[in-house]
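Some words used for a protein model rest on a stated value and a cut-off. Could you take me through how such words are earned here?

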Amino acid sequence: MTACAACGASDQPTGARFCHQCGSVLESTCAQCSASLAPGARFCSSCGTPVTAASTPAAAIAERRVTSVLFCDLVGFTTLSESRDHEETRELLTRYFDDARRIIGRYGGTVEKFIGDAVMAVWGVPTSHEDDAERAVRAGLELVTRVADMGEDVGVHGLAARVGVVTGEVAVTVGAEQQGMVAGDAVNTASRVQSVAGPGQVWVDETTRLLSSGAITYADAGS
(Lines give C-alpha, C1' and ligand atoms only; values in the text may rest on other atoms or scores of the structure.)
Protein backbone atom coordinates (compact mmCIF):
# COMPACT_ATOMS: atom_id res chain seq x y z
CA MET A 1 0.00 0.00 0.00
CA THR A 2 1.08 3.60 -0.65
CA ALA A 3 2.11 5.81 2.26
CA CYS A 4 1.17 9.51 2.33
CA ALA A 5 4.19 11.82 2.22
CA ALA A 6 2.26 14.57 4.01
CA CYS A 7 0.83 12.87 7.11
CA GLY A 8 2.51 9.46 7.03
CA ALA A 9 -0.70 7.41 6.85
CA SER A 10 0.35 4.05 5.37
CA ASP A 11 -3.00 2.27 5.03
CA GLN A 12 -3.87 3.80 1.65
CA PRO A 13 -6.01 1.61 -0.65
CA THR A 14 -4.40 0.36 -3.85
CA GLY A 15 -4.94 2.86 -6.66
CA ALA A 16 -5.84 5.75 -4.34
CA ARG A 17 -4.81 9.18 -5.66
CA PHE A 18 -5.52 11.19 -2.49
CA CYS A 19 -4.80 10.43 1.16
CA HIS A 20 -7.93 9.37 3.06
CA GLN A 21 -6.59 11.02 6.23
CA CYS A 22 -5.41 14.47 5.07
CA GLY A 23 -6.48 14.72 1.42
CA SER A 24 -2.96 15.20 0.04
CA VAL A 25 -2.00 14.01 -3.45
CA LEU A 26 -0.50 10.50 -3.29
CA GLU A 27 1.02 10.31 -6.75
CA SER A 28 2.58 12.63 -9.33
CA THR A 29 1.30 12.77 -12.90
CA CYS A 30 2.75 13.88 -16.22
CA ALA A 31 1.81 17.44 -17.18
CA GLN A 32 1.51 16.36 -20.83
CA CYS A 33 -0.42 13.05 -20.78
CA SER A 34 -1.49 12.72 -17.09
CA ALA A 35 0.15 9.29 -16.78
CA SER A 36 1.42 8.29 -13.33
CA LEU A 37 5.08 9.08 -12.71
CA ALA A 38 7.43 6.72 -10.89
CA PRO A 39 9.12 8.20 -7.80
CA GLY A 40 12.22 10.16 -8.88
CA ALA A 41 11.39 9.89 -12.59
CA ARG A 42 13.07 12.45 -14.86
CA PHE A 43 10.96 11.58 -17.93
CA CYS A 44 7.41 10.29 -18.39
CA SER A 45 7.47 6.57 -19.29
CA SER A 46 4.34 7.01 -21.44
CA CYS A 47 5.14 10.02 -23.63
CA GLY A 48 8.76 10.92 -22.83
CA THR A 49 7.99 14.42 -21.58
CA PRO A 50 10.60 15.73 -19.10
CA VAL A 51 9.33 15.87 -15.54
CA THR A 52 9.17 19.45 -14.32
CA ALA A 53 8.34 21.03 -11.00
CA ALA A 54 4.82 21.59 -12.32
CA SER A 55 4.45 17.88 -13.00
CA THR A 56 5.43 16.89 -9.49
CA PRO A 57 3.48 18.73 -6.79
CA ALA A 58 5.40 19.47 -3.64
CA ALA A 59 4.45 17.31 -0.69
CA ALA A 60 1.83 19.07 1.38
CA ILE A 61 2.70 19.83 5.00
CA ALA A 62 0.24 18.37 7.48
CA GLU A 63 -0.09 19.31 11.13
CA ARG A 64 -2.53 18.85 14.00
CA ARG A 65 -4.72 21.73 15.11
CA VAL A 66 -7.77 22.23 17.28
CA THR A 67 -10.51 23.37 14.92
CA SER A 68 -14.22 24.11 15.11
CA VAL A 69 -16.06 22.41 12.25
CA LEU A 70 -19.52 23.50 11.11
CA PHE A 71 -21.95 21.62 8.89
CA CYS A 72 -25.13 23.34 7.67
CA ASP A 73 -27.76 21.49 5.66
CA LEU A 74 -31.10 22.48 4.14
CA VAL A 75 -33.95 20.38 5.52
CA GLY A 76 -36.08 18.60 2.92
CA PHE A 77 -34.40 20.31 0.01
CA THR A 78 -34.43 17.19 -2.19
CA THR A 79 -38.21 16.99 -1.99
CA LEU A 80 -38.50 20.72 -2.52
CA SER A 81 -36.30 20.67 -5.63
CA GLU A 82 -38.45 17.95 -7.22
CA SER A 83 -41.49 20.22 -7.15
CA ARG A 84 -39.83 23.41 -8.41
CA ASP A 85 -38.44 24.60 -11.72
CA HIS A 86 -34.76 23.69 -12.18
CA GLU A 87 -33.79 27.30 -12.78
CA GLU A 88 -35.58 28.42 -9.60
CA THR A 89 -33.82 25.67 -7.65
CA ARG A 90 -30.43 26.71 -9.00
CA GLU A 91 -31.04 30.35 -8.13
CA LEU A 92 -32.15 29.41 -4.61
CA LEU A 93 -29.03 27.32 -4.04
CA THR A 94 -26.79 30.06 -5.43
CA ARG A 95 -28.35 32.59 -3.08
CA TYR A 96 -28.00 30.19 -0.14
CA PHE A 97 -24.33 29.50 -0.90
CA ASP A 98 -23.55 33.19 -1.36
CA ASP A 99 -25.20 34.06 1.97
CA ALA A 100 -23.43 31.18 3.72
CA ARG A 101 -20.04 32.25 2.37
CA ARG A 102 -20.66 35.85 3.45
CA ILE A 103 -21.86 34.94 6.96
CA ILE A 104 -19.07 32.43 7.57
CA GLY A 105 -16.46 34.90 6.35
CA ARG A 106 -17.80 37.66 8.58
CA TYR A 107 -17.25 35.45 11.63
CA GLY A 108 -13.72 34.58 10.55
CA GLY A 109 -14.45 31.10 9.23
CA THR A 110 -13.43 29.45 5.97
CA VAL A 111 -15.75 27.50 3.68
CA GLU A 112 -14.12 24.08 3.20
CA LYS A 113 -16.61 22.77 0.67
CA PHE A 114 -20.19 22.67 -0.56
CA ILE A 115 -21.74 19.20 -0.76
CA GLY A 116 -25.10 19.15 -2.51
CA ASP A 117 -27.15 21.52 -0.35
CA ALA A 118 -24.77 21.30 2.63
CA VAL A 119 -21.98 23.66 3.66
CA MET A 120 -18.88 22.69 5.60
CA ALA A 121 -16.81 25.43 7.21
CA VAL A 122 -13.89 25.54 9.64
CA TRP A 123 -12.54 27.95 12.25
CA GLY A 124 -8.90 27.87 13.32
CA VAL A 125 -7.63 27.31 9.78
CA PRO A 126 -5.61 29.03 8.43
CA THR A 127 -5.87 31.68 11.20
CA SER A 128 -6.94 30.82 14.73
CA HIS A 129 -8.65 32.97 17.35
CA GLU A 130 -9.25 32.24 21.02
CA ASP A 131 -13.02 32.46 20.45
CA ASP A 132 -13.23 30.28 17.31
CA ALA A 133 -15.85 27.98 18.87
CA GLU A 134 -18.09 30.94 19.71
CA ARG A 135 -17.62 32.39 16.22
CA ALA A 136 -18.69 29.08 14.65
CA VAL A 137 -21.83 28.84 16.79
CA ARG A 138 -22.81 32.45 16.12
CA ALA A 139 -22.35 31.85 12.39
CA GLY A 140 -24.58 28.77 12.68
CA LEU A 141 -27.29 30.73 14.48
CA GLU A 142 -27.25 33.41 11.80
CA LEU A 143 -27.31 30.79 9.03
CA VAL A 144 -30.49 29.12 10.27
CA THR A 145 -32.15 32.53 10.67
CA ARG A 146 -31.06 33.65 7.21
CA VAL A 147 -32.35 30.48 5.54
CA ALA A 148 -35.77 30.91 7.18
CA ASP A 149 -35.92 34.53 6.03
CA MET A 150 -34.82 33.53 2.53
CA GLY A 151 -37.63 30.99 2.35
CA GLU A 152 -40.16 33.69 3.14
CA ASP A 153 -38.58 36.02 0.58
CA VAL A 154 -38.91 33.52 -2.29
CA GLY A 155 -42.23 32.02 -1.25
CA VAL A 156 -40.86 28.71 0.03
CA HIS A 157 -42.61 28.66 3.39
CA GLY A 158 -41.05 26.32 5.91
CA LEU A 159 -37.59 26.34 4.32
CA ALA A 160 -35.15 25.61 7.13
CA ALA A 161 -31.56 24.74 7.86
CA ARG A 162 -29.97 22.74 10.65
CA VAL A 163 -26.41 23.10 11.92
CA GLY A 164 -23.88 20.98 13.80
CA VAL A 165 -20.68 22.37 15.31
CA VAL A 166 -17.92 20.19 16.77
CA THR A 167 -14.55 21.31 18.12
CA GLY A 168 -11.59 18.93 18.19
CA GLU A 169 -8.18 18.06 16.85
CA VAL A 170 -7.94 17.54 13.09
CA ALA A 171 -5.22 17.00 10.51
CA VAL A 172 -4.67 20.24 8.61
CA THR A 173 -2.99 20.37 5.20
CA VAL A 174 -1.07 23.63 5.36
CA GLY A 175 -1.37 25.63 2.17
CA ALA A 176 -4.45 23.76 0.92
CA GLU A 177 -7.47 25.83 -0.06
CA GLN A 178 -11.09 24.80 0.37
CA GLN A 179 -11.68 21.07 -0.10
CA GLY A 180 -8.99 18.91 1.51
CA MET A 181 -7.91 21.41 4.19
CA VAL A 182 -8.92 19.33 7.20
CA ALA A 183 -9.65 15.72 8.05
CA GLY A 184 -10.37 13.80 11.23
CA ASP A 185 -13.03 12.59 13.63
CA ALA A 186 -14.26 16.12 14.35
CA VAL A 187 -15.31 16.47 10.70
CA ASN A 188 -17.26 13.20 10.70
CA THR A 189 -18.83 13.95 14.08
CA ALA A 190 -19.94 17.44 13.04
CA SER A 191 -21.71 15.93 10.04
CA ARG A 192 -23.51 13.42 12.28
CA VAL A 193 -24.47 16.06 14.86
CA GLN A 194 -25.95 18.20 12.08
CA SER A 195 -27.94 15.24 10.76
CA VAL A 196 -29.85 14.81 14.04
CA ALA A 197 -30.46 18.50 14.79
CA GLY A 198 -33.98 19.74 14.28
CA PRO A 199 -34.97 22.27 11.60
CA GLY A 200 -33.82 25.73 12.61
CA GLN A 201 -31.59 24.37 15.38
CA VAL A 202 -27.84 24.55 16.07
CA TRP A 203 -26.44 21.55 17.94
CA VAL A 204 -22.91 21.44 19.35
CA ASP A 205 -20.66 18.98 21.13
CA GLU A 206 -19.54 19.29 24.74
CA THR A 207 -16.19 20.87 23.88
CA THR A 208 -17.81 23.61 21.81
CA ARG A 209 -20.31 24.26 24.58
CA LEU A 210 -17.60 24.56 27.23
CA LEU A 211 -15.58 26.97 25.08
CA SER A 212 -18.52 29.25 24.26
CA SER A 213 -20.97 28.97 27.18
CA GLY A 214 -19.71 32.24 28.63
CA ALA A 215 -21.34 34.07 25.73
CA ILE A 216 -24.03 31.68 24.49
CA THR A 217 -26.83 30.00 26.43
CA TYR A 218 -27.47 26.31 25.68
CA ALA A 219 -30.20 23.75 26.39
CA ASP A 220 -29.25 20.10 26.89
CA ALA A 221 -30.26 17.92 23.91
CA GLY A 222 -29.00 14.64 25.40
CA SER A 223 -26.37 12.26 24.12
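The questions and answers that follow concern a predicted model, and they go from a helix to aromatic rings and then to a pair of strands.

Q: How do you know that the span of helix H2 agrees with its number of residues?
A: Helix H2 covers residues 86-106, and at 1.5 Å a residue its 21 residues should span 30 Å. The C-alpha atoms at its ends are 30 Å apart, so the two values agree.

Q: What makes the buried residues of H2 line one face of the helix?
A: The buried residues of H2 are Thr89, Leu92, Leu93, Tyr96, Phe97, Asp99, Ala100, Ile103 and Ile104. Seen down the axis of H2, they fall within an arc of 170 degrees, and therefore they line one face.

Q: Why is tyrosine 96 called buried, and why is phenylalanine 97 called buried?
A: The word buried requires a relative accessible area under 20%. Tyrosine 96 has 1%, so it is buried, and phenylalanine 97, with 15%, is buried because this value too is under the cut-off.

Q: Why does phenylalanine 114 count as partly exposed?
A: Its relative accessibility is 27%, and since partly exposed applies between the limits of 20% and 50%, phenylalanine 114 therefore counts as partly exposed.

Q: Why is the pair of tyrosine 96 and phenylalanine 97 called tilted?
A: The ring centres are 5.3 Å apart, which is within 6.5 Å, so the rings pair. Their planes stand at 35 degrees, which is neither under 30 nor over 60, and so the pair is tilted.

Q: What makes phenylalanine 97 and phenylalanine 114 an aromatic pair that is tilted?
A: Their centres lie 4.3 Å from each other, with 40 degrees between the planes; the distance is within 6.5 Å and the angle is neither under 30 nor over 60 degrees, so the pair counts as tilted. Phenylalanine 97 lies in helix H2 and phenylalanine 114 in strand S2, so this pair ties together parts that are 17 residues apart in sequence. Tyr96, Phe97 and Phe114 form one aromatic cluster.

Q: How do you know that strands S2 and S3 pair?
A: Pairing needs at least two bridges, and strand S2 (residues 110-115) and strand S3 (residues 118-123) have 5, in the antiparallel sense, so they pair. Valine 111 of S2 stands opposite alanine 121 in S3. The two strands form a hairpin with 2 residues between them, and in the turn glycine 116 has a positive phi of about 65 degrees.

Note on methods: Residues numbered from 1 in each chain as written. Predicted model: local features only at pLDDT ≥ 70, side-chain atom pairs only at ≥ 80, totals over all residues. Heavy atoms only, no water. Helix = DSSP H or I, 4+ residues; strand = E, 2+ residues; numbered from the N terminus. Phe/Tyr/Trp six-rings, centres within 6.5 Å; stacked < 30°, edge-to-face > 60°. Buried < 20%, exposed > 50% of the residue type's maximum accessible area, 1.4 Å probe, protein only. Expected span 1.5 Å × (residues − 1). Arc of directions from axis to C-beta.
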